[in-house]
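Please open the structure in your viewer and keep the sequence at hand. The tour below proceeds by selection, one stop after another.

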Amino acid sequence: MDKKIIDKIKNERKIPDEVLTKLESNREDILNNKIKQEKNYKVLSKNSVMAVLVAAVALLLIITKTPVGVAIENALGIGIDSGVETVEKNAIPTELNLTSIQNDREIKLTKFVSTKKKFAFDYQFKIDDEKLKTLLKKDIAAKSDYQDIQLGLFVKGDTKDLFQGVHSYSTFRLDGDTFYGSVISTFDTESIPENAELSLHIYRLAWMDRDEYETAESKAFADPDNPQPFSVPTSLEYTGDWSFDIAYLPLLQTADTKVLDSNNVTNIVSKSDALQTTITFNAPVEYPNFPEITVYKNGVEISNSNINFKQLDKEKFEIELDLSALDKVSTYKVKIEESDIYDTSIKDVGSFEVQNK
């Protein structure tokens with residue numbers, strides 16, 4: 001389990017010692033290759049039955065940003081991503097006006113951009129459902145901008161769904177009676193073929209009742225030393241097969257990334273495309289402690305809410321930054337610290353800075 005997730009759970013709830021011990025044991029098994037880590041999912045979960053810790057992890061995606069940050073990010077849609085922003089500043093087209101109707105509901109795809117490893121899109125629809133308005137107002141009041149969405153991505157003429165092994169970050173905002181959604185998805189590997197004509201599918205949009213969730217969560221954690229699993233039924237869902245044939249091919253621009261400075265971090269290897277830069281590196285984080293990652297862009301700390309970070313081995317890590325290959329100016333600094341599972345001690349491990357050539 002990612003250290004950031006464990007930290008957030010600890011901050012939100014008192015976690016029993018036996019649960020922390022299990023998390024620690026699982027992490028040791030993963031690092032010793034006793035447990036194979038795989039990502040093969042469409043959304044956070046299509047199953048409405050959530051275990052206590054799974055529910056807490058899902059909640060992380062809701063509460064990692066301040067209300068002001070949420071308002072700013074949503075106002076820009078996928079443009080909040082620095083990679084997307086750079087692409088648009090370079091006059092590469094992303095805007096679309098595609099419409100698909102299923103079960104008398106029209107969804108518009110307004111932006112789409114992709115590389116071989118990442119894609120992002122904006123969509124919207126009119127809200128004509130009073131129940132949905134009520135559910136969304138509750139989410140907004142709870143400072144939640146997360147949207148449960150089920151997707152498919154295909155190469156035209158192929159039945160293989162590419163949307164597997166992917167981290168997907170989905171948000172929404174409201175403006176009057178219009179729902180605006182944004183999705184940013186990053187694959188574990190380069191999964192989109194070069195020169196692929198793509199077809200995006202939206203299969204399901206779902207909402208739970210925030211009041212029901214908070215009530216169930218409160219009951220589950222009534223005894224902090226003995227948390228109980230709980231379930232929250234889906235309150236409303238729209239299902240169908242809204243499909244959109246994308247007019248833009250994946251962007252193939254790449255860049256060589258140079259290391260400007262490195263302190264106690266070795267074997268830094270990077271690969272940059274038009275939407276992001278993937279970097280692997282070694283840092284001496286001593287087991288059983290955890291790495292803490294802080295990222296700075298041009299000296300300013302940026303949110304880690306949509307930065308993908310993985311521990312590949314005991315001292316080998318991978319981080320994906322929204323540094324576009326088209327950006328030859330920005331400098332990113334990655335700072336690594338170390339803490340134990342209880343956060344009782346933290347020490348500096350090292351850092352490095354990168355910039356595209």
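**A sheet, a helix and two cores**

Begin by selecting residues 198-207, strand β8, together with β10: eight bridges join these two strands, which run antiparallel. The model shown here is predicted. Within this pairing, select Ile202 on β8 and look across to Trp242 in β10, its bridge partner. As a general point, strands of a sheet pair through backbone hydrogen bonds, either parallel or antiparallel.

Next, add residues 148-155, strand β5. An open sheet of three strands now appears, in the order β5-β8-β10 and with antiparallel pairing. Its edge strands are β5 and β10 (236-245), each of which pairs on one side only. On average, neighbouring strands in this sheet are turned by 10° against each other, direction ignored.

Now select residues 130-141. This is helix α6, which lies across β8 and β10 and runs at about 85° to β8.

Which residues touch the most other members of the largest nonpolar core? Select Phe121, Tyr123, Phe125, Leu153, Ile202 and Trp207, out of 35 residues in that core. Among the elements that give two or more residues to this core are β3 (105-114), β4 (118-126), α6 and β5. The largest share, five residues, comes from β8.

Stay with Trp207 and display its surroundings. Beyond its neighbours within four places in sequence, Trp207 is in contact with several residues, including Phe125, Leu132, Leu136, Phe179, Leu236 and Tyr238.

Finally, select Val265, Leu321, Tyr332 and Val334. These residues are among the 19 of another core, which lies apart from the largest one. In soluble globular proteins, nonpolar side chains tend to be buried together.

Notes. Residues numbered from 1 in each chain as written. Predicted model: local features only at pLDDT ≥ 70, side-chain atom pairs only at ≥ 80, totals over all residues. Heavy atoms only, no water. Pairing = 2+ DSSP bridges. Helix = DSSP H or I, 4+ residues; strand = E, 2+ residues; numbered from the N terminus. Axes fitted to C-alpha atoms, helices over the stretch in contact; angles between N-to-C directions. Contact = heavy atoms within 4.5 Å. Core = buried A, V, L, I, M, F, W, Y, C linked by side-chain atoms within 4.5 Å. Buried < 20%, exposed > 50% of the residue type's maximum accessible area, 1.4 Å probe, protein only.
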